[in-house]
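Hi there,

Here is the structure I promised to pass on to you. Have a look at it first, and then read my notes below.

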Amino acid sequence: MNRPLASCLALAAGLLAGCAAPPADHFYTLSGGATPAPAPAPAAARVYIEMLAVNIPAQVQRNQLVVGAGGEGRVEVLDQHRWAGPLADEIGGALSLGVTARLGAIDVYRTPAPDGAAVYRISTNVQRFESVPGSYALVDAVWSVRQVGSATVLTCRSVLREEAGAGYEGVVAAHRAALGKLADAIAAGVRDRESGGQGGGQGGC
């Protein structure tokens, strides 16, 4: 084979390699899926909540999944595996859907509530959000419930660790399960405030 022909073939092979399709992006959400369906409450007995914006650790304030990489303190940021929206919004949306479903409630955050309605304001500070595919997902959150206009507040901590299956889908499913349990605890806290109790019901209170 002469040298010019060999050079042309090498150039063509390089161009073909450069045209190869890039890795596909994958997007995940923490919202949606099956949620409890309580019996509809009469309008007079309806519960209203305000699920405030969720705080999350700086290390996971990004669209990419951040996962444990085996070494002590080592993580990987996955460019091809991303949350469908900002992670804080994903967590807040999942909690809003979960709590309202469990209580038959309406989330009126940034929306006017009916005159005279009792509104329960929920604050959530996620202190740890850990993802280790094939091992576990962990959500460590401090949360509070306070009736708007009242000085009495219920503050609790929930540390929820779920086993994660293989792959990134497995760790996302584990986080969804953990957030479902966190929604259980918060809903119990709202019921506690409704009844004027002092306990938290679940989640480390």
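Strand 3 and strand 4 (residues 75-83) run antiparallel and are joined by 5 bridges. Strands here are DSSP runs (E, at least two residues; helices are H or I, at least four), numbered from the N terminus, and two strands pair if DSSP finds at least two bridges between them. In this pairing, valine 66 sits opposite valine 77 of strand 4. As background, strands of a sheet pair through backbone hydrogen bonds, either parallel or antiparallel.

This is a predicted model, where local features need pLDDT of at least 70 and side-chain atom pairs count only at pLDDT 80 or more, while totals for chains, interfaces and linings use all residues. Residues are numbered from 1 along each chain as its sequence is written, and side-chain values use heavy atoms, with hydrogens and water left out.

Now the wider sheet: 3 strands make an open sheet with mixed pairing, in the order 1-4-3. Strand 1 (26-28) and strand 3 are the edge strands, each pairing on one side only.

And the pocket? A pocket is an open set of points on a 1 Å grid over the protein atoms alone, where a 1.4 Å probe fits, with protein on both sides within 12 Å along at least five of seven lines; lining residues have an atom within 4 Å of a point. Strand 6 (119-132) and strand 3 (64-68) each supply at least two lining residues of the largest pocket, and strand 6 gives the most, with 6 residues.

Enjoy exploring!
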